[in-house]
Amino acid sequence: MAVQYSYDSSEDATPRRLLVTGGAGFIGSNFVHHWCHAHPSDRIVVLDALTYAGNRQNLAALEGQEQFRFVQGNICDRTLIDQLLQEEAIDTVAHFAAESHVDRSIIGPDAFIQTNVVGTFTLLEAFKQYWEHQQKPDDYRFVHVSTDEVFGSLGPDDPAFSETTPYAPNSPYSASKAGSDHLVRAYHHTYSLPTLLTNCSNNYGPYHYPEKLIPLMSINILLGKPLPVYGDGQNVRDWLYVLDHCRALDTVIHRGIPGETYNIGGNNEVKNIDLVQMICRIMDELASQHLPVKPSRELITFVKDRPGHDRRYAIDSTKIKTQLGWAPLVTVEEGLRQTLGWYLTHKTWWEPLLSEEYQAYYRQVYA
Ligand code: NAD
Ligand code: DAU
């Protein structure tokens with residue numbers, strides 16, 4: 001099943017030169033595909049350390065294209081960043097690089113502080129020094145991609161997170177993202193650096209690493225393995241199809257106001273257990289001949305809860321809708337059909353990821 005990339009490119013009067021950090025990860029690679037398709041005159045330089053979550057295969061279709069360059073490197077490497085900003089004459093940084101998985105942050109938080117806090121600081125410092133010497137500083141942008149998890153956990157009747165909700169991060173992951181958000185805000189306030197901050201809800205779609213809920217359940221169904229639902233399965237997430245998120249970031253880069261924050265949500269609040277039931281139903285339909293266990297809902301298994309598991313996230317996207325004209329287009333039913341169809345036809349993408357390292361991680365979390 002092909003992934004559809006589309007965007008109104010009428011805002012392309014001046015071609016941009018982007019540095020995309022973390023562009024070989026899940027959202028970053030979808031964003032790079034989106035951008036190359038929507039803005040063929042722009043330059044895209046991906047900087048990615050290729051950690052366990054980074055995968056050069058995600059960008060294979062772009063290798064060799066003139067507008068695209070891949071650089072393997074770390075966002076904590078100040079010399080490399082200085083060099084890339086200068087030699088590529090970057091005007092826009094889209095910052096995705098992060099350690100992104102809550103369960104891994106509970107097992108080992110060190111890398112989260114290093115990449116998410118120190119790495120973001122290193123990028124901001126390098127960009128500030130570079131930007132201060134530009135002749136048209138108003139044309140520059142630094143977009144920091146962050147998460148709704150910085151706002152903490154909602155009760156069932158609480159209003160959704162808005163841009164003014166106080167920060168209350170609960171996991172080492174969300175605390176490290178909150179730290180990076182504060183740095184981004186401070187660099188605008190103190191130095192007038194043209195930063196923009198986005199906080200979005202749970203993404204899903206193609207190229208999603210198998211440790212996260214939707215790919216993990218999809219692949220386990222195909223393998224006939226148990227579907228581990230944490231706790232009572234009543235936790236709620238607001239699911240955003242990744243290409244809706246990429247359009248939102250495109251909108252923020254072209255129309256957002258420096259210094260502002262934009263919340264981005266899918267308007268699709270679903271309880272985990274209901275989502276897993278939906279995945280089972282759709283997979284039973286799409287792969288009816290090929291499933292080791294059918295109906296696949298028989299594989300659902302309730303397991304020990306995640307420590308400190310946030311109960312509910314929900315995003316109020318009113319600001320980006322009314323001020324910038326963006327809204328999500330994909331319902332969770334449509335998005336799941338696209339996504340599960342992609343996993344069905346891309347076994348050669350996910351099978352190599354179920355490595356010994358992944359199995360060791362899996363045993364540690366689900367033992
Ligand atoms: P991911 O884990 O799939 O990808 C992260 C990428 O960053 C990988 O390619 C990895 O190799 C790279 N990376 C990690 N450390 C690096 C370093 N020190 N230097 C350079 N590259 C490094 O993550 P994702 O799900 O695509 O998330 C992207 C961003 O969006 C993150 O900042 C995350 O916090 C944020 N976010 C994600 C979601 C979601 O649902 N996935 C939701 C809200 C916000
Ligand atoms: O809300 C945005 C965040 O969404 C991002 O900032 C993170 O980078 C991203 O990983 C995601 O975090 P979550 O912890 O919400 O996503 P995850 O896919 O790990 O889990 C989604 C929900 O499903 C959560 O309530 C935990 C539950 N879960 C997860 C796994 C992996 C299970 O019940 N079983 C599982 O095996």
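## A walk around ligand 2 and beyond

Start by selecting ligand 2 and Pro228: a polar backbone atom of Pro228 sits 2.8 Å from a nitrogen atom of the ligand. Keep in mind as you look that this is a predicted model.

Now show the surface around the ligand. On its own, ligand 2 exposes 680 Å², and the protein buries 95% of that.

**Stop 1: more contacts with the ligand**

Select Tyr173. One of the polar atoms in the side chain of Tyr173 lies 2.6 Å from an oxygen atom of ligand 2. Next, click on Ser100. Here the backbone takes part: an N or O atom of the Ser100 backbone is 2.7 Å from an oxygen atom of ligand 2.

**Stop 2: the whole shell**

Select the 22 residues around ligand 2; those that come nearest are Asp148, Tyr173, Arg306, His309 and Tyr366. Try colouring the shell by residue type, and you can sort its members into 8 nonpolar, 8 polar and 6 charged. Which strand gives the most to this shell? Select residues 227-230 to find out: that is strand β8, which contributes 3 residues.

**Stop 3: helix α7**

Move on to residues 242-255, the 14 residues of helix α7. From the first C-alpha of α7 to the last, the reach is 20 Å, close to the 20 Å expected at 1.5 Å a residue. While you look along a helix, remember that an α-helix has 3.6 residues a turn, so residues three or four places apart point the same way. Is α7 mostly covered or mostly open? Mostly covered, with 13 of its 14 residues buried.

**Stop 4: the cysteines**

Select the cysteines and look for disulfides; the structure holds 0 of them. Why does Cys36 have no bond to Cys246? The closest cysteine sulfur to that of Cys36 belongs to Cys246, and it is 12 Å away, which is too far for a bond because a disulfide needs the two sulfur atoms within 2.5 Å. Compare the surroundings of two cysteines as well. Cys36 has 7% relative accessibility and so counts as buried, whereas Cys76, at 26%, counts as partly exposed.

**Stop 5: Asn263**

Finish in strand β11, residues 261-264, where you will find Asn263. Is Asn263 buried or exposed? Its relative accessibility is 0%, so Asn263 counts as buried. Add Ser162 to your selection to see a partner for this side chain: a polar atom of the Asn263 side chain lies 3.4 Å from the backbone oxygen of Ser162.

Notes. Residues numbered from 1 in each chain as written. Chains lettered and ligands numbered in written order. Predicted model: local features only at pLDDT ≥ 70, side-chain atom pairs only at ≥ 80, totals over all residues. Heavy atoms only, no water. Near = heavy atom within 4 Å. Polar contact = N/O pair within 3.5 Å; in protein donor to acceptor, adjacent residues only side chain to side chain. Areas by Shrake-Rupley, 256 points an atom, 1.4 Å probe, with all protein chains shown as cover. Helix = DSSP H or I, 4+ residues; strand = E, 2+ residues; numbered from the N terminus. Nonpolar A, V, L, I, M, F, W, Y, C, P; charged D, E, K, R; others polar. Expected span 1.5 Å × (residues − 1). Buried < 20%, exposed > 50% of the residue type's maximum accessible area, 1.4 Å probe, protein only.
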